[in-house]
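User: I would like to go through this model and ask, for each label, what it rests on. Please set the values against the criteria as you go.

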Amino acid sequence: MHRRFIAPGALAAASLLLAVPASAASYSPGAPGIGDPYYPAYGNGGYDVSHYDLRLKYQPQTDELAGTATILARTTQDLSRFDLDFLLDVSEVRVNGAKAAFATSGQHELEITPSAPLPKGTPITVVVRYSGVPSTKSAYGFSTWHRTPDGAVAADEPEAAWWWYPSNDHPLDKATYDVSVAVPDGTQAISNGTLQSTSSQLGWTRYNWRQEKPQATYLTTLAVGRFDITTSTSEGGVPVVNAYSKDLGDQDGAARASVERTGELVDWLSGYFGPYPFSSAGGYVPDTTTGYALETQTRVYYSPRQFAGGSNASLVVHELAHQWYGDSVSLKGWKDIWINEGFARYAQWLWSEHEGEGTTRELADYVYASHPADDPFWTVAPGDPGADHQFDSAVYDRGALAVQAVREAVGDDAFFAILKGWPREHAYGNASVADFRAYAERISGKPLDTLFDTWLFQPQKPAARGASLAEAAADPVAQPRSWRQIEATNSAHEHEERAK
Ligand code: TRP
Ligand code: ZN
């Protein structure tokens with residue numbers, strides 16, 4: 001389907017272009033995808049977003065969402081046209097104040113043609129006015145907008161944004177956010193970061209949320225429903241905001257007994273990963289029937305089903321570990337998912353050891369032994385699992401086995417220096433599996449190519465646990481930075497953080 005609207009200014013701009021043919025020649029449309037081989041159409045080329053301002057209104061009875069997205073970005077090429085990823089109905093687009101032509105194409109592209117071409121390096125302000133019923137929209141035949149009896153939830157991976165705001169939908173383009181949502185009085189709107197203020201008029205309550213650290217599009221969440229909101233501060237000084245649907249029924253106690261431990265667990269994880277990277281922490285448990293949790297930045301999404309068997313602090317540890325491994329340090333491409341899941345699962349192993357429920361070594365031996373060599377489990381390479389196996393259990397469990405293998409190869413001192421140094425090295429940025437290997441080699445002074453190949457890339461069961469690691473004991477790489485230096489940097493930084 002290709003709908004096209006011509007803004008009044010567009011024709012004038014076209015004739016202007018004719019007047020300057022020499023420079024116009026270099027202008028071209030931004031790519032419709034950011035270049036991720038797993039998801040070729042996700043994200044876009046030609047610009048880099050720094051901030052999203054979403055001012056919305058949502059009616060739970062009808063699932064109608066309406067409002068304005070104001071996007072601050074900068075062009076990265078001479079740009080004649082660019083895309084946003086979006087599914088709702090757009091009524092107007094402005095670029096730097098002037099009405100722009102727009103059209104839809106592909107599965108989720110909103111093509112925007114500004115009234116004048118944009119030279120490389122230009123700051124741009126894009127205003128998109130829109131409305132729609134997100135639950136009626138799909139791309140690739142599915143929807144990740146989750147309706148609840150009292151509202152809806154946007155939380156999914158690797159895609160959730162198209163259903164509620166226009167974006168450059170890929171973790172490579174992180175940005176800060178102001179999310180302001182008006183909902184009928186008596187209903188709450190939950191999003192990331194800190195609740196700056198609420199106001200009420202004409203029967204609508206507006207919630208103003210702010211995320212002042214860079215955030216990936218899929219980690220930006222919105223939940224509307226009837227919530228009980230709790231606030232506290234962790235012993236380490238991290239403000240915690242949690243929200244529980246008022247309709248959790250039998251799951252209410254177990255959900256609170258897990259998620260109310262967020263502050264304690266953030267502080268505990270800080271001992272391994274360094275200072276918590278954001279100015280707020282917490283989670284929310286909406287009235288959904290889906291069966292997963294998601295590491296939405298600062299405000300983790302938990303399905304009530306996750307607490308059907310009682311409290312689940314280990315799950316909270318997993319999602320909070322992602323705040324360092326996945327959220328502050330995001331992957332470069334979706335093939336790098338081990339950077340997220342291998343370490344979040346390993347954090348659960350550390351918690352298990354802390355709780356006296358099995359050491360990391362025991363868990364590694366157990367996982368290794370419980371999958372025979374002909375188990376398809378071993379055919380998934382966590383270091384590049386393919387889009388179809390991106391969230392296979394092997395990415396988590398074999399992924400954590402790989403982390404344990406690194407630990408046994410480099411020794412505990414270097415390992416814990418790496419575990420804490422990595423989130424600091426790449427804070428608020430993006431990194432790949434290859435970057436992690438290079439970092440671990442630099443800090444430990446040990447070559448880890450065979451180890452990474454064995455545990456993350458070979459489609460077969462490694463011959464033995466522990467034994468295949470002998471090679472790692474040899475040859476220090478040139479000029480290693482010692483773990484002692486890293487430790488010193490880390491503790492100096494923690495000191496600064498505490499002083500703030
Ligand atoms: N990243 C999530 C976690 O580790 C799991 C997950 C994978 C997920 N794909 C998802 C959650 C899709 C929601 C939707 O907890
Ligand atoms: Zn995870």
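User: What makes β15 and β16 count as paired strands?

Analyst: In this predicted model, seven bridges join β15 (residues 194-201) to β16, and the two run antiparallel. Pairing requires at least two bridges, so the seven between β15 and β16 meet the criterion. Within this pair, L195 stands opposite W209 in β16. The two strands form a hairpin with two residues between them, and L202 in the turn has a positive phi of about 55 degrees.

User: How do you know that β13 pairs with β16, and in what sense does β13 pair with β3?

Analyst: Nine bridges join β13 (residues 175-184) to β16 (residues 204-215), which run antiparallel, and since at least two are needed, the two strands are paired. A175 stands opposite Q215 in β16. With β3 (residues 47-59), β13 pairs in the parallel sense over seven bridges, and here K57 stands opposite A182 in β13.

User: Why is the pairing of the eight-stranded sheet called mixed, and what makes a strand an edge strand?

Analyst: The open sheet has the order β7-β6-β10-β4-β3-β13-β16-β15, with mixed pairing. Both senses can be seen around β13, which is parallel to β3 and antiparallel to β16. The edge strands are β7 (98-99) and β15, each of which pairs on one side only.

User: Which residues are around ligand 1, and how do they divide by character?

Analyst: The residues around ligand 1 are D156, E157, Y292, A293, L294, E295, H318, E319, H322, E341, F391 and Y396, and this shell divides into five nonpolar, two polar and five charged residues. The largest share, three residues, comes from α5, while β21 (293-294) and α5 (313-324) each supply at least two residues of the shell.

User: What makes the approaches of E157, H318 and E341 to ligand 1 polar contacts?

Analyst: The cut-off is 3.5 Å between N or O atoms. A polar side-chain atom of E157 lies 2.6 Å from a nitrogen atom of ligand 1, an N or O atom in the side chain of E341 is 2.9 Å from a ligand nitrogen, and one in the side chain of H318 is 3.0 Å from a ligand oxygen. Each of these distances is within 3.5 Å, so each pair counts as a polar contact. The protein covers 87% of the 360 Å² of accessible area that ligand 1 has on its own.

User: Which pocket does ligand 1 take up?

Analyst: The space taken by ligand 1 is the second largest pocket.

Note on methods: Residues are numbered from 1 along each chain as its sequence is written. Chains are lettered from A and ligands numbered from 1 in the order in which they are written. This is a predicted model: local features need pLDDT of at least 70, side-chain atom pairs count only at pLDDT 80 or more; totals for chains, interfaces and linings use all residues. Side-chain values use heavy atoms; hydrogens and water are left out. A residue is near a molecule or strand if one of its heavy atoms lies within 4 Å of it. A polar contact is a pair of N or O atoms within 3.5 Å; within protein, one must be able to donate a hydrogen and the other to accept it, and residues adjacent in sequence count only if both atoms are side-chain atoms. Accessible areas come from the Shrake-Rupley method with a 1.4 Å probe; for residues, only the protein chains shown count as cover. On a 1 Å grid over the protein atoms alone, a cavity is a set of points where a 1.4 Å probe fits but cannot get out, and a pocket is an open set with protein on both sides within 12 Å along at least five of seven lines; lining residues have an atom within 4 Å of a point. A molecule sits in a cavity or pocket if more than half of its atoms lie within 2 Å of its grid points. Helices (H or I, at least four residues) and strands (E, at least two) are DSSP runs, numbered from the N terminus. Ala, Val, Leu, Ile, Met, Phe, Trp, Tyr, Cys and Pro count as nonpolar, Asp, Glu, Lys and Arg as charged, and the others, Gly among them, as polar.
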